[in-house]
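This report goes through the strand sheets, the nonpolar cores and the cysteine links of one protein chain. It is meant to be read alongside the sequence and the coordinates.

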Amino acid sequence: MWRRYLTLILLVYWGSARGQQVFDDFKHPDTVCVDGTVVLTNISTGASNYYWYFCEHYTDTTGKSILGCPAGVNLPSLSVQTPAPYSYRVAGTYAVCLVVDTNLVDKTRRCYNIVVKSAPSIVFGPDTFYCQGQPITLQAPDSPGVRNMWSTGADSNSIHISNPGTYTLTSQYYGCTAQQTTNVTALASPTIQLPRDTVFCDSGVLRYTTTQPVTFLWNTGSIVDSTKVTSSQLYWLQLNQGGCTALDSVTCRVISTHSLNLGPDTSFCGPGGLGFVTFDTTGIAYLWSTGSDSSSTPVPVTGDYWLAFTDAGCTARDTIHIAVLPAPGVNLGRDTTLCLAEPYLLDAGNPGDTYLWQDGSTQETYIVANPGLYSVRVTEGICSVSDSIRIGAVPAPVFTLGEDQPVCPGESIYLKPQPDTLNFTWQNGSTDTVYQVSSPGAYSVTAKNACTTYSDTIQVVEGVCVVHVPTAFTPNGDGINDVFRVLGVEVLDQFSLRVYNRWGATVFASEDKDLGWDGSAGGVAQPSGTYVYELHFRYRLTGQTYAQGGTVVLIR
């Protein structure tokens with residue numbers, strides 16, 4: 001092939017060298033339909049002879065290629081300048097070639113492919129119909145490259161039909177046109193109207209009577225004009241008249257007149273009540289044998305009790321026998337408060353019954369030794385009755401006078417029991433809540449209630465009533481004179497003590513008269529030596545203030 005091509009190029013080159021240059025070309029359609037007209041226009045120049053090959057080679061629609069024309073296509077080569085129009089009867093791809101020369105020399109060749117498409121295939125369906133009020137859709141095949149146009153002017157693959165008539169579909173495909181016509185007629189639809197939603201007692205029958213020439217189909221499967229209703233649900237009926245249908249539905253409620261059940265005969269422990277509960281109370285009517293028209297009735301005595309239950313006109317009835325048994329009586333008494341100095345007895349009564357107390361004991365009586373909540377359940381046959389009592393204990397009159405206290409000559413202290421909400425009697429018969437003491441001695445006070453008596457005693461001693469500052473202390477941890485502390489501070493109500501080392505730095509400072517210096521500063525033990533103190537105080541009785549200074553020796 002390459003050798004042939006090179007030879008052709010050389011011929012063209014030498015031919016051009018000797019005379020006029022040959023130019024080969026022709027106009028052609030790229031795509032045509034089967035049996036469509038193919039027009040080839042020769043636009044070659046400089047040639048004297050023309051040879052046309054209409055099937056140089058052929059490729060079918062599956063991709064298989066052959067030399068020449070396929071079966072069914074007879075297009076022999078022609079030696080004319082411009083061939084007459086022609087057509088291909090088989091789809092595929094055809095190589096069309098034009099060979100030109102000048103006096104049998106300087107041959108050149110030009111080839112083009114022409115694709116031949118099959119005409120569109122329309123499978124549109126037979127004449128059809130639609131039911132009045134129920135438009136239908138005419139649907140054309142959806143094929144790539146095919147343009148569908150309808151006689152209605154629509155340019156689409158489908159149209160909606162709501163009027164009878166003749167409808168034409170024109171399909172175009174690469175210049176090929178196919179048409180199909182269908183007739184659409186309108187049929188009358190049946191009419192249907194089932195009764196309104198209804199109620200049946202236990203069961204019933206739905207029936208629809210019509211003179212229309214229709215067939216029946218119920219959702220129960222029935223194909224006659226009626227169906228049996230056995231459960232509460234939606235029932236529908238479809239009528240069919242020559243292919244046109246109409247459908248309607250009705251909700252049926254089936255109420256059982258045998259569903260009322262008050263339960264088995266039973267016993268009540270004392271007068272009680274009987275009730276019947278339904279989730280949907282709309283339109284419900286009750287009537288008890290007692291005359292009650294609510295969902296419940298009192299049951300005061302032994303006997304038969306019946307209920308007539310009416311729902312949407314359907315009445316169900318049931319009877320129950322109830323035995324009303326006497327309940328045991330139990331009364332532990334009202335809540336109370338006791339001394340509990342001796343045990344307290346609770347009696348549940350009802351000898352011969354079964355007892356269960358709060359701690360699991362099962363005797364008729366219960367001994368109370370501590371305050372609390374006590375309960376018992378007394379059972380006689382099927383009857384059980386409970387009662388409870390809360391028992392509190394009267395609290396002992398507990399109080400305190402506090403720690404022993406000092407008193408200075410000429411001063412007084414005041415004793416006050418805490419808490420002070422009790423009735424007190426002092427050792428001298430006084431009943432005041434506060435007792436004044438001005439001399440050392442033992443002082444006592446007593447309080448009592450319905451249950452017990454309580455006393456407390458305090459020792460009042462003579463205090464150190466003159467301020468005294470030690471001159472030395474030994475903080476060595478032996479428990480003797482370990483702290484530098486001012487003495488006789490009981491008579492003071494203001495106090496300030498500061499201690500300095502020999503460089504004037506403060507090593508201790510306090511306004512607490514009961515606090516002393518342990519010989520350290522900032523947690524560091526100070527060395528042995530002489531330290532200066534500065535003391536300020538005020539006597540409580542006179543109100544006089546004093547300032548005092550001096551030294552103290554720290555010995556280690």
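## The five-stranded sheet

In this predicted model, an open sheet of 5 strands is arranged in the order β2-β9-β8-β5-β6, and its pairing is mixed. The edges are taken by β2 (31-33) and β6 (65-67), and because each of these has a single partner strand, one side of each is left without a neighbour in the sheet. From one strand to the next, the twist averages 30 degrees.

Within this sheet order, β5 is placed beside β8, and the two run antiparallel, joined by 8 bridges. One residue pair can be named for orientation: His57 has Ala95, in β8, as its bridge partner.

## The largest nonpolar core

The largest nonpolar core has 23 residues, and the members that touch the most other members are Leu40, Tyr86 and Tyr88. Two or more residues of this core come from each of β5 (49-59), β8 (92-102) and β9 (105-117), and β5 gives the most, with 5 residues. These three strands also belong to the five-stranded sheet, where they appear in the order β9-β8-β5.

What is Leu40 in contact with, once its neighbours within four places in sequence are left aside? The contacts of Leu40 include Phe26, Lys27, His28 and Pro29, then Trp52 and Phe54, then Thr82, Pro83 and Tyr86, and also Val96 and Ile114. Of these partners, Tyr86 is itself named with Leu40 among the core members that touch the most others. Placed on the strand ranges, Trp52 and Phe54 fall in β5, Val96 falls in β8 and Ile114 falls in β9.

A second core, separate from this one, has 22 residues, among them Cys465, Phe473, Val486 and Val489. As a general background to both cores, nonpolar side chains tend to be buried together in soluble globular proteins.

## Disulfides at the five-stranded sheet

The structure holds 5 disulfides, of which three are described in this report, beginning with two that involve strands of the five-stranded sheet. Cys55 and Cys69 form a disulfide in which the sulfur atoms are 1.9 Å apart, and with 100 degrees about the S-S bond this link is right-handed. The pair links distant parts of the chain, since Cys55 lies in strand β5 and Cys69 in the loop between β6 and β7 (86-87), 14 residues apart. Cys55 is buried, at a relative accessible area of 9%, whereas Cys69 counts as partly exposed at 24% relative accessibility.

Cys97 is joined to Cys111 by a disulfide with an S to S distance of 2.0 Å. The torsion about the S-S bond of Cys97 and Cys111 is about 115 degrees, so this disulfide is right-handed. Here too the link is between distant parts of the chain, with Cys97 in strand β8 and Cys111 in strand β9, 14 residues apart. Cys97 counts as buried because its relative accessibility is 0%, while Cys111, with a relative accessible area of 37%, is partly exposed.

## A left-handed link and an unpaired cysteine

A disulfide also joins Cys131 to Cys244, with an S to S distance of 1.9 Å. The link of Cys131 and Cys244 is left-handed, with -100 degrees about the S-S bond. It connects distant parts of the chain, from Cys131 in strand β10 (residues 128-131) to Cys244 in strand β21 (residues 244-255), 113 residues apart. Both Cys131 and Cys244 are buried.

Cys252, by contrast, is in no disulfide, and the nearest cysteine sulfur, which belongs to Cys314, is 12 Å away. Cys252 is buried, with a relative accessible area of 2%.

## The four-stranded sheet

An open sheet of 4 strands follows the order β22-β27-β26-β24, again with mixed pairing. Its edges are β22 (266-269) and β24 (284-288), each of which has a single partner strand, so that one side of each is left without a neighbour in the sheet. On average, and with direction ignored, neighbouring strands of this sheet are turned by 30 degrees against each other.

The edge strand β24 pairs with strand β26 (residues 303-311) in the antiparallel sense, over 5 bridges. In this pairing, Leu287 has Ala308, in β26, as its bridge partner.

Technical notes:
Residues numbered from 1 in each chain as written. Predicted model: local features only at pLDDT ≥ 70, side-chain atom pairs only at ≥ 80, totals over all residues. Heavy atoms only, no water. Core = buried A, V, L, I, M, F, W, Y, C linked by side-chain atoms within 4.5 Å. Buried < 20%, exposed > 50% of the residue type's maximum accessible area, 1.4 Å probe, protein only. Contact = heavy atoms within 4.5 Å. Pairing = 2+ DSSP bridges. Axes fitted to C-alpha atoms, helices over the stretch in contact; angles between N-to-C directions. Disulfide = S-S within 2.5 Å.
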